[in-house]
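Open the model in your viewer and keep the selection panel at hand. We will go from the whole chain to single residues.

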Amino acid sequence: MELISPTVIIILGCLALFLLLQRKNLRRPPCIKGWIPWIGVGFEFGKAPLEFIEKARIKVAFWTLAYVLSHPDIHKAIMEGISSVFGKAGKDKIKVSEDDLENLLLIKWCVLETIRLKAPGVITRKVVKPVEILNYIIPSGDLLMLSPFWLHRNPKYFPEPELFKPERWKKANLEKHSFLDCFMAFGSGKFQCPARWFALLEVQMCIILILYKYDCSLLDPLPKQSYLHLVGVPQPEGQCRIEYKQRI
Ligand code: HEM
C-alpha cells in the first residue's frame, strides 16, 4: 500500500498536467491524436513516416468516399464524369491536371459538402484586449469559441442541413476562391487554415484515383459521427466497411 500510493499519485499528477496542457493549447490545427500522453502517434509516425502521412490523407478522404458511395445517383454521376475525362475507369496510369479537376466539379462539391457536415467542433480564440460584440464587452483572457459543426447545421444558412446535397455548392464562387456564406470549416478572417485549397485538392485527387482504379461499394450503412471529437475530423461512431475490387 505504501509503495502503491506514491506511484498512483505520480500517475494522476502526470495525467492532470497532460489535461491542463491540452486545454491551454486549444487553437492548434486539426491533428491525429494517439492515446499515449505527449507521445501521441509518435511511434507509429517514427516507424514509417511516409506511410503514416499517406494513411492520414486517405482517412481526411474517408467521409467523402462514404457519402458518395451511399448516394448511388451521385456515385453514378461521378463515375460518368471520371470516364468522360480519363476514358473508361481501369488500371491505366493517369495524371490529374488542374483542367481535369475543373471538369470534375461535382467531386469538388462532394468534398466541400462532406467538410461542411464533418467540420471541426470548435475554433477557439483567446481575447487579448477587451472587445465589443453585440453590446457586450468581452474581457481579455476570455476564450471565444465558434462551432463550425453546429453553424453548418443552421437551416437559415444551409437549408435541409443534415442532407448531403453537393449541388448547394453551385452557388459558391469557387473560381474566386470563396466558399458559401457561413461555411467556416477552415476558420474565418485573417487566420484561416493556410492549407485549405491544398487540402481540398488532395482529397479530390485521392477520391478520383480510388474511384478510377477500384470498384467500391459500402458493406455497412453510413455511420453517424462520434460527438466526442471536438477538434479535427469527427470519427465514425461505428464500423463502415468498404468493399473494393481492382478494375481490369
Ligand atoms: C479538410 C482538412 C482541413 C481542415 C477542415 C482544416 C481546418 C483548420 C482550422 C479550422 C484551422 C484553425 C483556423 C482558426 O484558428 O481560425 C486550421 C489551421 C491550420 N491548418 Fe488546417 N485544416 C485542414 C487541413 C490542413 C492541412 C492538410 C494542413 C497542412 C498541410 C493544415 C495546416 C494548418 C495550419 C498550419 C494551421 C494553423 C494556422 C495559424 O494558426 O495561423 N490544415 N485548419
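**The whole chain**

Start with everything selected and the surface on. This is a predicted model. The chain exposes about 16500 Å², and carbon and sulfur atoms supply 62% of that area. Of the 248 residues in the chain, 35% are buried. Now switch to cartoon. Nine helices and six strands make up the secondary structure.

**Helix H7**

Select residues 105-117, which form helix H7. The helix has 13 residues and reaches 18 Å from its first C-alpha to its last, close to the 18 Å expected at 1.5 Å a residue.

Is H7 mostly covered or mostly open? It is mostly covered, with ten of its 13 residues buried. Colour them in: Ile107, Lys108, Trp109, Cys110, Val111, Leu112, Glu113, Thr114, Arg116 and Leu117. Charged residues are on that list too, among them Lys108, Glu113 and Arg116.

Which helices do these buried residues pack against? Show H4 (62-69), H5 (72-86), H6 (98-103), H8 (148-151) and H9 (196-213).

**The largest nonpolar core**

In soluble globular proteins, nonpolar side chains tend to be buried together. Here the largest nonpolar core has 45 residues. Select Ile78, Ile82, Ile107, Trp169, Phe179, Phe183 and Leu211, the members that touch the most other members. H4, H5, H7, H9 and strand S5 (214-218) each supply at least two residues of this core. H9 gives the largest share, eight residues.

Zoom in on isoleucine 78. What does it contact, leaving aside neighbours within four places in sequence? The partners are Val68, Leu106, Ile107, Cys110 and Leu211. Two of these names have come up as core members that touch the most others: Ile107 and Leu211.

**Cysteines**

Next, look for disulfides. A search of the whole structure finds zero.

Select cysteines 182 and 216. Which is buried and which is partly exposed? Cys182 is partly exposed, because its relative accessible area is 24% and the cut-off for buried is under 20%. Cys216 has 5% relative accessibility, so it counts as buried.

**The iron atom**

Finish at the ligand. Select its iron atom and show the protein around it. How many donors does the protein give? There is a single one, the SG atom of Cys193, 2.3 Å away. Trace the backbone through this cysteine: Cys193 lies in the loop between H8 and H9. Both of those helices were on the list of elements that the buried residues of H7 pack against.

Terms used: Residues numbered from 1 in each chain as written. Predicted model: local features only at pLDDT ≥ 70, side-chain atom pairs only at ≥ 80, totals over all residues. Heavy atoms only, no water. Helix = DSSP H or I, 4+ residues; strand = E, 2+ residues; numbered from the N terminus. Expected span 1.5 Å × (residues − 1). Buried < 20%, exposed > 50% of the residue type's maximum accessible area, 1.4 Å probe, protein only. Contact = heavy atoms within 4.5 Å. Areas by Shrake-Rupley, 256 points an atom, 1.4 Å probe, with all protein chains shown as cover. Core = buried A, V, L, I, M, F, W, Y, C linked by side-chain atoms within 4.5 Å. Disulfide = S-S within 2.5 Å. Donors = N, O, S within 2.8 Å, 3.2 Å for Na, K, Ca; no water.
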